[in-house]
Amino acid sequence: MDLDLKGRSVIVTGASRGIGHAIATEFAREGARLTICARTAGPLEEAAARLTAETGAEVQAVACDVTDPASAELIVNAAVQSYGSIDALVNNAGGSTRSDDLDTRWLGTFDANVRSIVRIMLAAKPHLAQAVANGGGAVVNIASIYGRESGGGPEYNSMKSGQIAMSKAYALDWAREGIRVNTVAPGSIAFEGGGWGRRLVEQPEVMREFIEHNIPSGRFGRVDEIANVVVFLCSPRASWVLGASINVDGGQSRSNI
Ligand SMILES: NC(=O)c1ccc[n+]([C@@H]2O[C@H](COP(=O)([O-])OP(=O)(O)OC[C@H]3O[C@@H](n4cnc5c(N)ncnc54)[C@H](OP(=O)(O)O)[C@@H]3O)[C@@H](O)[C@H]2O)c1
């Protein structure tokens, strides 16, 4: 299937490693032009250079923290200035804020998984709307199975649920303009340097038992298995998919819906 992504301008947040990097890689292989961000400039610039070397794609790196209110305009302006448009936006940066302080934990996790994403979506919206006529105008937010059912820490569970609800609300709001907003909900995904990847090395027996009890397919998911679904959802081939939240989890989720 030709995904019709060649030359399209795509933003991926949190793309220096892990799931975000795999998403950027699959877009690059499809010939998209990328704007990627992460907080740490060095690994981000290395990731951008590696992507270009491997695929020949145009990739620009914008080092910023998505929880900084100024970052939304920074990322969106960079994409528009370099490529003239925004066809797709993938909000991947997220996760838990760890702290002994209750407010820091809850507000930080809200900022990372909901508020920052709303800001970037709103900044990108006029450009996404302009891209609709040409088959663009897609947003995918990376949630978790623990936004669709109970699990994970209380803050993470609440904010990933909030992210899915927020995404659905904007999906319905923006549908008339042709912008498609969806969420992808990964199960446990292991990669070198990631949380599960580290635990696989440090606690192999505990991880074997975790898989035995939690993942019917008998292994952790891979980053490319998330990326393939995200890239499809951002493509014109997914034109009738909006407001959806899609588990990509090897059967790990226990939710019926
Ligand atoms: N891995 C899993 O099993 C799993 C399961 C379900 C859902 N998810 C979700 O999938 C997404 C990616 O997870 P991952 O495991 O690949 O994460 P990760 O290893 O923590 O990587 C996150 C990426 O985002 C960047 N980043 C983190 N916070 C950022 C911020 N505030 N502003 C800009 N960039 C930021 C990181 O670079 P810097 O540190 O340099 O900023 C890195 O490039 C998250 O939303 C996570 O909640 C992951």
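The centres of domain 1 and domain 2, taken over C-alpha atoms, are separated by 25 Å. The domain assignment, automatic or from a database, places residues 9-186 and 222-248 in domain 1 and residues 191-220 in domain 2. The model is predicted, so that local features need pLDDT of at least 70 and side-chain atom pairs count only at pLDDT 80 or more, while totals for chains, interfaces and linings use all residues. Residues are numbered from 1 along each chain as its sequence is written, and side-chain values use heavy atoms, with hydrogens and water left out.

The largest nonpolar core (buried Ala, Val, Leu, Ile, Met, Phe, Trp, Tyr and Cys residues joined through side-chain atoms within 4.5 Å; buried means under 20% relative accessible area with a 1.4 Å probe, protein chains only) has 36 residues. Of these, α8 (223-234) supplies at least two, and its seven residues form the largest share. Helices are DSSP runs of H or I with at least four residues, and strands are runs of E with at least two, numbered from the N terminus. A second, separate core has 28 residues, including Cys 37 and Val 181. Val 230, among the residues with the most contacts inside the largest core, is in contact (heavy atoms within 4.5 Å) with Ile 23 and Val 140, among others.

Glu 149 lies in the loop between β5 (138-142) and α5 (154-174). Glu 149 is buried but has no salt bridge, defined as a side-chain nitrogen of Lys or Arg within 4 Å of a carboxyl oxygen of Asp or Glu. The nearest side chain of opposite charge, Arg 254, is 6.6 Å away; Lys and Arg count as positive and Asp and Glu as negative, with His and the chain ends not counted.

Note on methods
Buried < 20%, exposed > 50% of the residue type's maximum accessible area, 1.4 Å probe, protein only. Lists of a residue's contacts leave out its neighbours within four places in sequence.
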